[in-house]
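Here are some notes to read alongside the model, arranged as numbered points. They begin with one sheet and move outward from there.

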Amino acid sequence: MSDLFLLALQLSDSTIRLATPLVLAAMAGLFCERSGVVDIALEGKMLGAAFAAASAAAVTNSALVGLGAGILFAMALAMVHGFACITNRGDQVVSGMALNIVVAGLGPTLADAWFGQAGRTPLLGDSARFTGIDLPLAETLRPIPVLGPIYAEVISGHNILVYVAALAVPAVAWVVYRTRFGLRLRAVGENPSAVDTAGISVTAMRYKALLVTGLLCGIAGSYFSIAHSASFIRDMTAGKGYLALAALIFGKWRPVPAVMACLLFAFADAVQVRLQGVPLPLLGTIPTQAIQALPYLATVLLLAGFVGRAVAPKAIGIPYVKER
Amino acid sequence: MAASAADPRAGLLTPLADRPPAIALSGIDKRFGPVHANKAIELAIPAGTIHGIIGENGAGKSTLMNILYGYYTADRGEIRIDGQPVKIASTQDAIAAGIGMVHQHFMLVEPFTVLENVLLGAEGGFTLKAGMAKARAELAALERDYGLEVDLDARIADLPVGIQQRVEILKALFRGARILILDEPTGVLTPQEADHLFRILRHLRDQGRTVVLITHKLREIMAATDNVSVMRQGAMVAHRRTAETTREELAELMVGRKVLLRVEKAPAKPGRTVLEVKDLVVRDANGVVRVKGVSFDVRAGEIVGIAGVAGNGQSELLEALAGIRPIERGTVTINGQPLASFGLSRPTGLGHVPEDRLRMGLLRHFSASENAILGYQDRPGYSHHGFLDLAGIVRLCRGWMRSYDVRPENTELQAQSFSGGNQQKLVLARELEHDPGLLLVGQPTRGVDIGAIEFIHKRLIAMRDAGKAVLLVSVELDEIRSLADRILVMFDGAFTGELPGGEAEERRIGLLMAGITEAAA
């Protein structure tokens, strides 16, 4: 096997690992934003879920209970956002930012109080987290040239949440474009008055959308602390929520293009990890910080240069008030 | 008339013997805070008729219909549909009771297809597939029965407004509406499209459905309805059979006093050319060419009217002439001086009453007196040594409010607190009282009551008679016909014809508005 092929395999593998929370969060954001509510709090919901999942898993020693706690907490945060923005017609960006700030402080503080480990949760054993699953026949097929290693290294061996994320994409696309819920979701973000006069509650639709957002953010957040790593640490989501939001906008609020953007960002992240401390031809060794900025730089460039005019759902950001 | 105002039941139409009234309202009452929008409304609409409800803006027509459609709930009162008392607490209840509504602003999702819009709220199952197939068949039948041809797979954003309106009607029929309410349905239509709409409505009536037409246009009541009810200031003041009433009577009932429907004016005495436009090309904000090389002039002492359906380049033309939209090609001269030579400032002697008074004519959070000098604040007399002469400005504004009958006569009230008609009179006062040689007027009576319309029309005629050049852009055909001395018809950025004012035949203007010139016809 050539070195280059090996490198490609390794990069693909880590791209998938890094893309998982982005994909889940982007799908989460899609529901919220398509319903007409700005969701800048993807970050906060993920971080909150990461903390809740790690705590619950540490106490019960069960990954499933951890995942459940992560999902419930993220949904609760989504409902707070809904109460502020839908029921009380508050400013959606302010509410989202407030959630982000509250969660950023709440996690480490509670972790400190409960576990006394300087803002972290205890390290989880294998039964308390989602570990890699070898897909059937992974070893048997490995000798097949090219496809065998791809199957064994890139497709197989991830934890269950990675496969959940992969399945979430077609599921979201199906729900959004082929179901009654999806039709109403798309309509309520474009013209809530049309939805209202069709005899559908705008408020109920938006709350439902936010619940789905909470669910998916919960899975994304849990991935950080009980699948990808084995504990919660301060700021462990590291801006991935914002990156997911950027991917959503880059994908013009459509599931498949948004996932493509997530993969692109994740790939930049994977390259970044490989490049740390590696001397480059002509440039020499680039400072780690500069390399770590790569995915974010890619975001800025893409959003500024290549998206063209992203047409947002027309009613996004505007609280719904019946006209007189 | 006095008797009918005192007794709201007087003149109630007796239902046909074999069917109870489709809609019977009794004692409907609704308040929004201090505003008493509907006062103990009594109304019976016979089944299988077209019933007009007419009244000025703010008379409570739309509130009443929104109560019927479950958008608001009444504070008191009873609703009967086909003789059965019903409680309509939500839009869903109304749809279930067989009521459909076509709103003034269409309730359509623009990026959706026609089919998706019709399906919204009536999907018929968790997935869309089965419902879509069923809807296609049902809609095909409805289209055939009522002459409502629409391409089901077209996107709403790509359809002209007349077709969008058909989609709204289809939506209501698809939900099984036996009673169809239309709120100001012709505002966006050409006269021909309006006539087509009325044919559809008659068709619906002949099939036994009941149609309620809400409008402030007398013409439509006379043209399309069987019976008419008049509202004024939240109260139902009269019911008439359309065949037994006249426009004059209805106007008087609406306003509460005698109204002059036709503007009295002497023949124009045009003088020298004030505004000269040559091969003007203008792009809109999105870079689309909206004015495609038009040439015309306006002379002192005449009103030139530009007729056309909204969105055919009139707005861009007006803005370009006012110097607030860049000119792509062509020349504009005002009193012999090129428009370009004025740079970014307003050409001297130009008055501009913009189409959208709240977006361009007024600062809604500024007081009436501040708005009264807006755009003229640099004039000598309004300030001394860089400080505004506030007392003088207030005095001036109060005088204008008196002579233009702006109510309430409070110079400190924010512009947004006045009604549409009073806002318009405030803008008009500012632009007319600064004595322009050329006046550009866009939609001077949009959202303005009949009483105020009469006043505004008289003022514009007075400007003309004082030897000013007036360019009037309006989508109200009646307004153009009664004010303009010459009519230019605009379609798709170009003039399709010029007609003399006054006797211009409505049908001919209508055809030109649709882009059909004599040569093509």
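1. In this predicted model, strand β11 (residues 273-283) of chain B runs antiparallel to β12(B), and the two are joined by eight bridges. One register point that can be checked by eye is B:Glu276, whose bridge partner in β12(B) is B:Asp297.

2. These two strands belong to an open sheet of four strands with antiparallel pairing, and the order across the sheet in chain B is β12-β11-β14-β15. The edges are taken by β12 (289-299) and β15 (337-338) of chain B, each of which has a single partner strand, so one side of each is left without a neighbour in the sheet.

3. A second piece of strand pairing in chain B centres on β20(B), which pairs in the parallel sense with strand β13 (residues 303-307) over four bridges and, also in the parallel sense, with strand β19 (residues 438-442) over five bridges. Two facing positions help to fix the alignment: B:Ile306 stands opposite B:Val473 in β20(B), while B:Leu439 stands opposite B:Val470 in β20(B). The connection deserves a look as well, since β19(B), helix α15 (residues 450-465) of chain B and β20(B) together make a right-handed β-α-β unit.

4. How many residues of strand β20 (residues 469-473) of chain B are buried? Five of the five are, so the strand is largely enclosed by the rest of the structure. Both faces of β20(B) are covered, with B:Ala469, B:Leu471 and B:Val473 buried on one side and B:Val470 and B:Leu472 buried on the other.

5. B:Leu472 appears again in the largest nonpolar core, which has 243 residues; it is listed among those with the most contacts inside that core, together with A:Leu22, A:Ala26, A:Ala247, A:Cys262 and B:Leu68. The largest share of this core, 14 residues, comes from helix α10 (residues 202-228) of chain A. Domain 1 (48-73 + 89-255) and domain 2 (273-362 + 438-513) of chain B both give residues to the core, so it lies between them. As general background, nonpolar side chains in soluble globular proteins tend to be buried together.

6. For a local view of the core on the chain A side, A:Leu22 is a useful residue to display: leaving aside its neighbours within four places in sequence, A:Leu22 is in contact with A:Lys240, A:Leu243, A:Ala244, A:Ala247, A:Cys262, A:Phe265 and A:Ala266.

7. Within chain B, the domain assignment gives domain 1 (48-73 + 89-255) and domain 2 (273-362 + 438-513), and the centres of these two domains, taken over C-alpha atoms, are separated by 32 Å. Their contact takes ten residues from domain 1 of chain B and eleven residues from domain 2 of chain B. On the domain 1 side, α7 (191-206) and α9 (247-255) of chain B each supply at least two residues, and α9(B) gives the most, with three residues. By class, this side of domain 1 has five nonpolar, three polar and two charged residues.

8. The contact between the chains takes 23 residues from chain B and 18 residues from chain A. On the side of chain B that touches chain A, the elements giving two or more residues are α3 (91-96) and α4 (114-119) of chain B, and the largest share, three residues, comes from α3(B). The residues on this side of chain B divide into 13 nonpolar, seven polar and three charged.

Methods
Residues are numbered from 1 along each chain as its sequence is written. Chains are lettered from A and ligands numbered from 1 in the order in which they are written. This is a predicted model: local features need pLDDT of at least 70, side-chain atom pairs count only at pLDDT 80 or more; totals for chains, interfaces and linings use all residues. A nonpolar core is a set of buried Ala, Val, Leu, Ile, Met, Phe, Trp, Tyr and Cys residues joined through C-beta atoms within 7 Å. A residue is buried if 20 or more other C-beta atoms lie within 10 Å of its own, exposed if 12 or fewer, and partly exposed in between; C-beta atoms are placed from the backbone. Domain bounds come from an automatic or database domain assignment. Two residues are in contact if their C-beta atoms, placed from the backbone, lie within 7 Å. Ala, Val, Leu, Ile, Met, Phe, Trp, Tyr, Cys and Pro count as nonpolar, Asp, Glu, Lys and Arg as charged, and the others, Gly among them, as polar. Two strands pair if DSSP finds at least two bridges between them. A crossover is right-handed if, with the strands pointing away from the viewer, the path from the first strand over the helix to the second runs clockwise.
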